[in-house]
Structure formats: C-alpha cells, structure tokens
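Student: I've got a structure open and I'd like to learn how to read it. Can you take me through it, one feature at a time?

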Amino acid sequence: MLKKYLQILDESLDKKIDILTEIEKLSRKQAEMIADNAPFEEIDANMDSKAELIDQINRMDDGFSAMYDNLKVELNKNKDEYKEEIKGLQAKITTVMERSTSIEACEARNKTAMEKRFSIEHKNNNERISKASAAMDYYNVANKL
C-alpha cells in the first residue's frame, strides 16, 4: 500500500515538473514579448496562462503535502525498504526546486523590464499630453486674435 502512495507522489512530482517547464517557457516568451514591445494585451494573456498553471501547482502542493504528512511516520519506520523510491522523490524535488529558482530569476528580470517599459510609456504619454496642451493653448490664443 505504501509503495502505491509513493508512486502517486512520484507521478505528482513528474506532473509538477511538466507544469514548471511550461511556466518557464511562458516566462521566456514573456521576456521576448517585452523586448519586442508586444502589445500589453498579449503580455496579459501570457500572464493569465501562467497564473492558471501556478494555481494548478498550488493545488498539487496542497495534495502532495497532505499525502506526505499521512505517510511520513510509515516512511520513517521503513526507510531501508523504500530507499530507492525515496531517493527518486528527493531527486525530483531537487529538480522542482531548480526549476522554481530559474523561473523566479526570469520573473525578476521580466518585472524589471516591464517597469522600464511602463516608465517609457508613461514618459511618452506625458509628452503627448504636453504637446496636446501646447496645441490647445496655441489654438485658444489664435482664436482670441
């Protein structure tokens, strides 16, 4: 019975790695979109896709934690018997942590790039407003003359 639960945990980690890989791809795509000045709507759609995947991971984490908590005592009693399965789980957890770290780094770079892009857009909007205001002032003065 414990072996079956360990298999479920193993499969759960495989699924989590697949989802993290997809998030990593979307984060890299987002970086390209930001660099290429893609429309904000496309960037938002990308972020929405990532949010859905992150929600899936959060649900999986809750289930994984609950199952592991139920198995922890039994696993500690039978460490030697399930040594290989435990090593496999540990290796996959390491992979999950590496992917998570990579995604966090990419997201930090994306955040910085988006802040820079927002700053540029804000500056451009202020210039447009200033030019429109100057044109309106000229128009008002010309009408008075």
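Tutor: Let's start with confidence: pLDDT is the predictor's confidence in each residue, from 0 to 100. This is a predicted model, where local features need pLDDT of at least 70, side-chain atom pairs count only at pLDDT 80 or more, and totals for chains, interfaces and linings use all residues. Residues are numbered from 1 along each chain as its sequence is written, and side-chain values use heavy atoms, with hydrogens and water left out.

Student: What is the mean pLDDT of the protein, and which element has the lowest mean?

Tutor: Where pLDDT is low, the predicted coordinates should not be read in detail. Here the protein has a mean pLDDT of 89, and 98% of its residues reach 70 or more. Of the elements, H3 has the lowest mean pLDDT (86), while H1 has the highest (94). Those labels come from DSSP runs numbered from the N terminus: helices are H or I with at least four residues, strands E with at least two.

Student: Next, charges. How many salt bridges does a search of the whole structure find?

Tutor: Side chains of opposite charge can pair when their charged atoms come close. The cut-off for a salt bridge is a side-chain nitrogen of Lys or Arg within 4 Å of a carboxyl oxygen of Asp or Glu. Searching the whole structure gives 8 salt bridges. One of them joins Asp14 and Lys92, at 2.7 Å from N to O. This pair links distant parts of the chain, with Asp14 in helix H1, Lys92 in helix H3, and their positions 78 residues apart.

Student: Is Asp14 buried, exposed or partly exposed?

Tutor: Buried means under 20% relative accessible area, exposed over 50%, and partly exposed in between (1.4 Å probe, protein chains only). At 31% relative accessibility, Asp14 is partly exposed. Asp14 and Lys92 also belong to a network of salt bridges with Asp10. Asp10 is in helix H1 and is partly exposed, at 23%. You can also find Asp10 9.8 Å from Phe64, C-alpha to C-alpha, although the two are 54 residues apart in sequence.

Student: Which residue forms a salt bridge with Lys16?

Tutor: That's Asp61, with the closest N and O atoms 2.4 Å apart. Again distant parts of the chain are linked: Lys16 is in helix H1 and Asp61 in helix H2, 45 residues apart. Lys16 is buried, at 13% relative accessible area, whereas Asp61 is partly exposed at 27%.

Student: And what does Arg99 pair with?

Tutor: Arg99 forms a salt bridge with Glu24, and their closest N and O atoms are 3.6 Å apart. Arg99 lies in helix H3 and Glu24 in helix H1, so this pair ties together parts that are 75 residues apart in sequence. Glu24 is buried at 11%; Arg99 is partly exposed at 25%.

Student: What about aromatic rings?

Tutor: A pair of aromatic rings is described by the distance of the centres and the angle of the planes. Rings of Phe, Tyr and Trp (its six-membered ring) pair if their centres lie within 6.5 Å; planes under 30 degrees apart count as stacked, over 60 as edge-to-face and the rest as tilted. By this rule there is 1 aromatic pair. Phe40 and Phe118 are stacked, 5.4 Å centre to centre with 25° between the planes. They link distant parts of the chain, since Phe40 is in helix H2 (residues 40–77) and Phe118 in helix H3 (residues 83–144), 78 residues apart. Both rings belong to partly exposed residues: Phe40 at 27% and Phe118 at 46%.

Student: What sits over the ring of Phe40?

Tutor: The charged end of Arg117, 4.2 Å from the ring centre. The test is that NZ of Lys or CZ of Arg is within 6 Å of the ring centre and within 35 degrees of the ring normal.

Student: One last item: what is unusual about the phi of Asn37?

Tutor: Most residues other than glycine have a negative phi, and most peptide bonds are trans. Asn37 isn't a glycine, yet its phi is positive, about 55°. Look for Asn37 in the loop between H1 and H2, where it is exposed, with a relative accessible area of 53%.
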